[in-house]
Amino acid sequence: MIVTSDELKAGCILRKDVYSKSVKPLMKAGTVLNETHIAFLRAFLIKHVDVDHFVRSSVKRSVKKNSDLDLENSSLTVPKPEATRSPLDKKYHQSVSDYQHFFYQWQSGAGVSIGDFRAAMMPLITGALDDPMWLASHLIKHRRIPNIAERSVLFGLLATFFAKKSNLGSGSGDSIQLGLAGMLADCGLAKLSPSLLGKKELIGSEKNTFERHVIDSYKMLKGIPTLKDETLVAVIQHHEREDGSGFPLNIDGSQISMNGKILAICDGFLTQMTIERSGSLPTVLDHLRISSYGRLSRYLLDKFCYELMTLFVGMNVQLSDGQAGEITFIPAKEPTRPMIHLTDNRVYALTEFSNVTIDRFL
């Protein structure tokens, strides 16, 4: 029978595939709807669906394997939360869930409601500003960035952290503004085909299509009175590079704003994290410095590495040569080569042992 999405209840079975913008079904026939499914249908502004009546729990169990939500793009699936969470962990998972919901709305053609978005993200942003050690711990524990929502939330947290450490503007408000810009910098991805979002490697015209998301992000944010002009400029510049090899404008470092350079570094770090799934965070930073030579501001990148590494002072690490100890000092010129107080009370300066790296945090 045909019912409105407002009439749906958990336990109904879809009789026909449900489509949104894509040729691929948003949900497939046979899906046993739960509260999450129903919420997504409403988020996509699906007004009517064809369903059967409620089913017994035994039937639900038999079809559960095939009733997972497709959502056109599996990269948006929020990971299952851990059993024990700190207050900031809970805020983080809530922010990721909220971001995912906003993204679905943008895919359905809705505009950016900056008031709602800010209200949803501010508890996490201010909490992370007050407790930067949480950010360090989170980056160590959660090396995988499985979806657009998590990447965007982390992008904003890193931008807020680095903007504050760079003494950007006159107060925390400027840091928060850039943090929100980081979270919204890729909102234009919602305008792309879901099939394109799910691809790991883009070729030919796909790459050009993908690069247009920056312009779409700018268009979605332009005209929002609470976002400063310099914030919008940073959004459109966050994929630009010092040597002019970036996009969409191919401008060089002399034309990239300070805010744009900061977002570019945070974006580059997250990209490197995705590539370096097995290495430690200092190794990720090392490889970022090497791979981005001439492409990211060297001064700001060194400062980013230093400020991030200082968060790890006092943490215990395992070295690649089998020794273990505590990080005690971060050299400004070589921040990824700290001093280690070994368990046998020797002091080990990694600047003197180029072949030894931090293997993992203990």
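**Reading aromatic pairs around Phe304**

Modeller: Let us start with Phe304, which counts as buried because its relative accessibility is 0%; please keep in mind that this is a predicted model.

Biologist: Which ring pairs with Phe304 across 35 residues of sequence, and how should I read such a pair in general?

Modeller: In general, a pair of aromatic rings is described by two values, the distance of the centres and the angle of the planes. Here, returning to Phe304, which is buried at 0% relative accessibility, its ring and that of Phe269 have centres 5.5 Å apart and planes at 65 degrees, so the pair is edge-to-face. Because Phe269 belongs to helix H12 and Phe304 to helix H14, this pair ties together parts that are 35 residues apart in sequence. Phe269 is likewise a buried residue, with a relative accessible area of 0%.

Biologist: How many aromatic pairs does the structure hold, and at what angle do the planes of Phe162 and Phe304 stand?

Modeller: There are 11 aromatic pairs in the structure. In the one formed by Phe162 and Phe304, the ring centres lie 5.2 Å apart and the planes stand at 75 degrees, so this pair is edge-to-face. Since Phe162 sits in helix H6, residues 148–165, and Phe304 in helix H14, residues 298–310, the pair ties together parts that are 142 residues apart in sequence. Phe162 itself counts as buried, its relative accessibility being 0%.

Biologist: Which residues do ring pairs link into a cluster?

Modeller: The cluster is made up of Tyr99, Phe102, Phe103, Trp106 and Phe117, which ring pairs link to one another.

Biologist: Is Arg277 buried or exposed, and where is Arg277 found?

Modeller: The reasoning rests on a cut-off, since a residue counts as exposed when its relative accessible area is over 50%. Arg277 has a relative accessible area of 53%, and is therefore exposed. Arg277 is found in the loop that runs between helix H12, residues 258–275, and helix H13, residues 281–291. Measuring from C-alpha to C-alpha, Arg277 and Ile145 are 9.3 Å apart in space, although 132 residues separate them in sequence.

Biologist: How many helices and strands are in the protein chain, and what share of its residues counts as buried?

Modeller: The protein chain has 14 helices and eight strands, and 52% of its 362 residues count as buried. Among the contacts with a separation of 6 or more, 63% join residues that are 24 or more positions apart. The accessible surface of the chain comes to about 17400 Å², and carbon and sulfur atoms account for 52% of that surface.

Key
Residues numbered from 1 in each chain as written. Predicted model: local features only at pLDDT ≥ 70, side-chain atom pairs only at ≥ 80, totals over all residues. Heavy atoms only, no water. Helix = DSSP H or I, 4+ residues; strand = E, 2+ residues; numbered from the N terminus. Buried < 20%, exposed > 50% of the residue type's maximum accessible area, 1.4 Å probe, protein only. Contact = heavy atoms within 4.5 Å. Areas by Shrake-Rupley, 256 points an atom, 1.4 Å probe, with all protein chains shown as cover. Phe/Tyr/Trp six-rings, centres within 6.5 Å; stacked < 30°, edge-to-face > 60°.
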